[in-house]
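Q: Could you take me through one part of this model up close? I would like to see how one helix is tied to its neighbours through rings and through helix packing.

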Amino acid sequence: MKLPNIGAGAWTGLAIFAGFILLYLLVPPLTGGNPRALSTDLLQPPSPQHLFGTDELGRDVFLQFVDGVRISFTVGFAAAAATSLVGIIVGAYAGFSGGAVDLVVMRITEMFQVIPTFVLAAVIVAMWGPGLTRVVVVIALLAWPPVALVIRGEVLRIKRLDFVDAVRCLGYSEGYILLREIIPNAVRPVFALATLAVGQAILLEASLSFLGLSDPSQVSWGRMLSLGQSYLLTAWWISTFPGLAIFLTVLACNFVGDGIGAYVNPKGRKS
Amino acid sequence: MRKYFFRRLFWGLVTIVVIVTVNFLILKLVPGDPVTALIGEYPAPDEYIAQVRVEFGLDEPLTVQFANYVTNLVQGDFGYSFANRKAVLPLILERAQYTLQLILPGIAIAFLLGVFLAVVTAVRRSGVLDTTVSSIVMFGYSMPSFWLGQVLVLIFAVGLSWLPAAGIRSVRVQPTGVAGALDLAAHMILPLICVVSFKIAIVLRVARASVVGVMHDDFVTTARAKGVSERAIMWKHVLPNAMVPVIVVLGYNLGHALTSSILVETVFAWPGLGTLFVKSIASRDYPVLQGILVLATVMVVAGNLLADFVAALVDPRVRKSMGARRGE
């Protein structure tokens, strides 16, 4: 099988993803440790027993670090999927309908682009209480405009192509044409945006957790950073490792997103 | 041109109205009785609850409450912060000045340095400098600003003891005059690095792509054929023609100036709007949160409008495309 030419950066990014997933799958069965288990080893620096040290309640930072993969990856991928879905529906509807519908939908899209996403997300989560599903819904509600704009542009272009008229002549309904013929041909650029959205969602979740807007019963990298902030001067290991994890994951998403973007649209690669 | 501007202004105002409405509805849809939020979860006599309800207009229908809310907003009354015992608007404005003190130099540095590096790397594409700069850009773009802040504190404040870890002024001795300015500068360096690292990544990316695009235009070949030096071609011909996307990003950044440093301020205990925002989240001070959201939206709309307007002023092609759009 020939591998797609998405560039070395994108492969590095995929390797980072794979590394985190492997850690998450392998570490708990191998060590049998509980990331939430308390111990009397309070604020211990990294050592062979505690690879990344322990926090103020004697919990193992490495085990928490590994457990944090779950939250970040779940939020990242779920939010990116939801964002893409909303964006595709809105963009395809606007582009295919054209005319007044297009104008109104695009105005609404512009409005959503102006909303200060992070502030509104923080306000909503602060008022409604934290929770993973809520965070995903909030991100999906606020982050879809770029996807919608790209899909709309593609749909506008594709619906004028001859093959669409050919399908129409075969007697298929407009809904069928949009769903089965136009959208599948228009979604390619969305993959790049969706990968970037994974990174943005992980960053947003971590930022909200850093501000204390996270579920206390879940271990997340942002939450670890938030707790680590109080012990920054005495226990550097609590926040250094989860921060590195967020950085590497977002970097991986950006690498993969750029790689896919260049692969899907080779004309843009030269610049 | 003027028609275009007014149309944008109109849609900007519509956006603000929509946000204000959403803002109002979010508060109304919050689970729980607002009276409980006002008086706390104490057993209170029914007459007192009824009195509070009337006092805050909570007995009125939703539409009347909304009308009151909007009227107050327009008159500059953003409500009262119980946690700070102060009216919301003066509180926000007071904190905003500290935020701007940090953000505006950050934006200036990011843009000057970003555009300069974009031009330099566009000329020598795929060179050592270009590769280095683009890796730094990728890193700056992916780095959570709050974590970068923590790492900087660990290195420069905890490890080397070169710079203060937090705050805006030294607490024990409070120098004035030149010493005071130096003290402020020392406190600003680390947060400023965090602010700049993310912004410069975006500026560089946009500016470099734009410069590279313009470099291949015909007029550049013409200038070269006329014997204009490469340096003059770059700075006098290419750069001005590549500025529009940069101006758009600048407008975006100015629009988000009030809220883009929330996380950095939290790390460094910078006494700006960000710390106020985070404190208000912790104390459930909804009027302050809403006030910040409304003000932030107004700023974003204004920033975008300003960018559109400036772009049209400096680049005749933008004016032309507006005319074309008007005719569609």
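A: Here is a walk along helix H2 of chain A, beginning with its rings and ending with its helix contact. Please keep in mind that this is a predicted model.

Let's start with the rings. Over all chains, the structure holds 20 aromatic pairs. One of them joins Phe20(A) and Phe65(A), a tilted pair with 6.2 Å centre to centre and 45° between the planes. This pair links distant parts of the chain, since Phe20(A) lies in helix H1 (residues 8–31) of chain A and Phe65(A) in helix H2 (residues 61–97) of chain A, 45 residues apart. Both Phe20(A) and Phe65(A) are buried. They also belong to a wider group: ring pairs connect Phe17(A), Phe20(A), Phe62(A), Phe65(A), Phe73(A), Phe77(A) and Trp221(A) into a cluster.

Now to the packing of H2(A) against another helix. Its partner here is helix H6 (residues 145–158) of chain A, and the two pack at an angle of about 40° with their axes 7 Å apart. The crossing of H2(A) and H6(A) is right-handed. On the H2(A) side, the contact is made by Ser84(A), Gly87(A), Ile88(A), Val90(A), Gly91(A), Ala92(A), Ala94(A), Gly95(A) and Phe96(A). H6(A) contributes Val147(A), Ala148(A), Ile151(A), Arg152(A), Val155(A) and Leu156(A). By type, the residues of this contact divide into 10 nonpolar, 4 polar and 1 charged.

To put the two views together, H2(A) holds Phe65(A), which pairs with Phe20(A) of H1(A), and H2(A) also packs against H6(A).

Terms used
Residues numbered from 1 in each chain as written. Chains lettered and ligands numbered in written order. Predicted model: local features only at pLDDT ≥ 70, side-chain atom pairs only at ≥ 80, totals over all residues. Heavy atoms only, no water. Phe/Tyr/Trp six-rings, centres within 6.5 Å; stacked < 30°, edge-to-face > 60°. Helix = DSSP H or I, 4+ residues; strand = E, 2+ residues; numbered from the N terminus. Buried < 20%, exposed > 50% of the residue type's maximum accessible area, 1.4 Å probe, protein only. Axes fitted to C-alpha atoms, helices over the stretch in contact; angles between N-to-C directions. Left-handed = near helix turned anticlockwise from the far one by under 90°. Contact = heavy atoms within 4.5 Å. Nonpolar A, V, L, I, M, F, W, Y, C, P; charged D, E, K, R; others polar.
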